[in-house]
Amino acid sequence: MFRKIIILDGYTDEPSGLGVPPYINTYPRLIAGVFRLFDKTIDIRYWTIDDARSALSRFIDDSKSSDLVVIIAGCEVPGKYVGGKPITLREIEYFAYVLRDISKVLVGPIARFGYSYGGGSIAVSLKKLRGFFTEIVSGDPELYFYSLLTSGWEKAEPNRLRDNYDLADKAFRNGAFIVTQHPNYGWNLIVEIETFRGCPRYIRGGCSFCIEPRFGKPIVRSQRGIIEEIEVLYRLGIRHIRLGKQPDILVYGSREIGYEEFPKPNPVELEKLFFGIRNVAPGLRTIHIDNVNPGTIARNPEESVKAIKIIIKYHTPGDVAALGIESFDEKVVEANNLKVYPDEALDAIRLINRYGSIRGWNGLPHLLPGINLLHGLPGESRETYIVNYRYLKQILDENLLIRRLNIRRISVLENTPLWSKKNI
Ligand code: SF4
């Protein structure tokens, strides 16, 4: 059915999960893996959008001689990137038109949450793109392509979301080879690793702007699945990974996920994960994390300290615990069901500093908070900026270290509570 497929990576950025160079996200690995799982002889070629732009006619020729082009897209977190320029809506339309005689599938966050022009904008719904593509897949790509390969175009299920990682784990192992086709491979490529999906706060709706609770009850990947994938990646030469695809690494393995809005960290399960990774990939030069929910630290300080100590024991220094504080203004916190009040956020910053600011073998502090603030949220006023400034000043006055500060404008995405208020 398929002899050759092209994966065009237009880059992705979600609250959990980054796929702009030097990072490679999960989508290309899952897609390549499910095809390889089915047929080892399929020729699978990976292009980044930057490479396709700079060798356009070669990319078009390569695509025209294929049986299927899969376009991955969706930068739903507002930001600008040094490592690459995400695909634009016009480029998606252009490729869809130029490759009109080839089967094309659009996947990634764009299919689920619309195309975001960046901070300060309302995402564009994809209704107008439907005619250009054979299918737009808002579900998980491995499930869709597996059903396509086994049941054909008519019966393939574009909207199905996984309820476990059985197929994804196999696809991750089989699709790991695709990293060797990435332009940053052998240099500074960082492979984004998924540990769980869905925000535990979904039981109270989650933050007004966020897409993560829309996945429903979180599902957690087993240590075995994660470690086996990293072992394959390590054998392929990967030396930089980030455990970044989850909303809060501290609660990985917590038995309270799905029951409590702010589950208690489970340090034993977290240690099994990190220990296992170190065991199969002892020469990793980067093991970093991403998101940490400051609300977890505020409500479970004792268990959080244990979890932070485990991360520091096994990771590499220079790590960032990205804290989505979003606003220090209590009115904004309440209007948007945010996860943490300002004084709690400050406590979380202090606690991470207490254990993480010690310098490691490479001279960098082990683990520092990264602060994310959003502006444009409902409830915001002039006062919000004064309050935010005061809290940032206090961080400075207390000599607390932070790794970075992101101040972004809100993007209003489909399927979020903010989307329903976009015309108000
Ligand atoms: S805590 Fe808020 S921002 Fe973080 S993943 Fe959950 S809903 Fe999203």
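Ala, Val, Leu, Ile, Met, Phe, Trp, Tyr, Cys and Pro are counted here as nonpolar, Asp, Glu, Lys and Arg as charged, and the others, Gly among them, as polar. The structure is a predicted model, in which local features need pLDDT of at least 70 and side-chain atom pairs count only at pLDDT 80 or more, while totals for chains, interfaces and linings use all residues. Residues are numbered from 1 along each chain as its sequence is written, and side-chain values use heavy atoms, with hydrogens and water left out.

The ligand is considered first. A residue is near a molecule or strand if one of its heavy atoms lies within 4 Å of it. The residues around the ligand are C199, R201, G206, C207, F209, C210, E212, P213, P247, N293 and K339. By class, this shell divides into 6 nonpolar, 2 polar and 3 charged residues.

Helices and strands are named next. Both are DSSP runs numbered from the N terminus, helices being H or I with at least four residues and strands being E with at least two. Two strands pair if DSSP finds at least two bridges between them. A residue is buried under 20% relative accessible area, exposed over 50%, and partly exposed in between (1.4 Å probe, protein chains only).

One open sheet consists of 4 strands in the order β2-β7-β10-β11, with parallel pairing. Its edge strands are β2 and β11 (286-289), each of which pairs on one side only. Strand β2 (residues 23-24) pairs with β7 over 2 bridges, and I24 has V191 of β7 as its bridge partner. On to β10 (residues 240-245), β7 makes 4 bridges in the parallel sense, and there R242 is the bridge partner of E192. A further 4 bridges join β10 to β11, where L243 is partnered by I289.

Strand β7 (residues 190-194) is mostly covered, with 5 of its 5 residues buried. In a regular strand the side chains alternate between the two faces of the sheet. In β7 both faces are covered: I190, E192 and E194 are buried on one side, and V191 and I193 on the other.

Helix α9 (residues 267-280) has 14 residues, and the expected span of a helix is 1.5 Å times one less than its number of residues. For α9 this gives 20 Å, which agrees with the 20 Å between its end C-alpha atoms. The buried residues of α9 are P267, E269, L270, L273, F274, G276 and I277. Their cover includes α8 (223-235), β10, β11 and α11, where contact means heavy atoms within 4.5 Å.

A second open sheet has 4 strands in the order β12-β13-β14-β15, again with parallel pairing. The edge strands, β12 (291-292) and β15 (404-409), each pair on one side only. Strands β12 and β13 are joined over 2 bridges, and V292 stands opposite L323 in β13. Between β13 and β14 there are 7 bridges, with A322 opposite G370 in β14. The pairing of β14 with β15 runs over 6 bridges, and H375 has R409 in β15 as its bridge partner. Of the 9 residues of β14, 8 are buried, so this strand is largely enclosed by the rest of the structure.

Two helices are associated with this second sheet. Axes are lines fitted to C-alpha atoms, for helices over the stretch in contact, and angles run from 0 to 180 degrees between N-to-C directions. Helix α13 packs on the sheet, touching β13 and β14, and its direction makes about 155° with that of β14. Helix α14 lies across β14 and β15, running at about 170° to β14.

The 15 residues of α13 (residues 342-356) should span 21 Å, and its end C-alpha atoms are indeed 21 Å apart. Its buried residues are P342, A345, L346, A348, I349, L351, I352, N353 and G356. These pack against α10 (294-299), α11 (301-314), β13 (319-326), α12 (330-335), β14 (367-375) and α14 (382-397).

Two single residues complete the description. S147 is found in helix α6 (residues 141-151) and is buried, with a relative accessible area of 7%. Leaving aside its neighbours within four places in sequence, S147 is in contact with G152, A156 and E157. R130 is found in the loop between α5 (109-113) and β6 (135-137), and at 45% relative accessibility R130 counts as partly exposed. R130 and L106 are 24 residues apart in sequence, with 9.5 Å between their C-alpha atoms.
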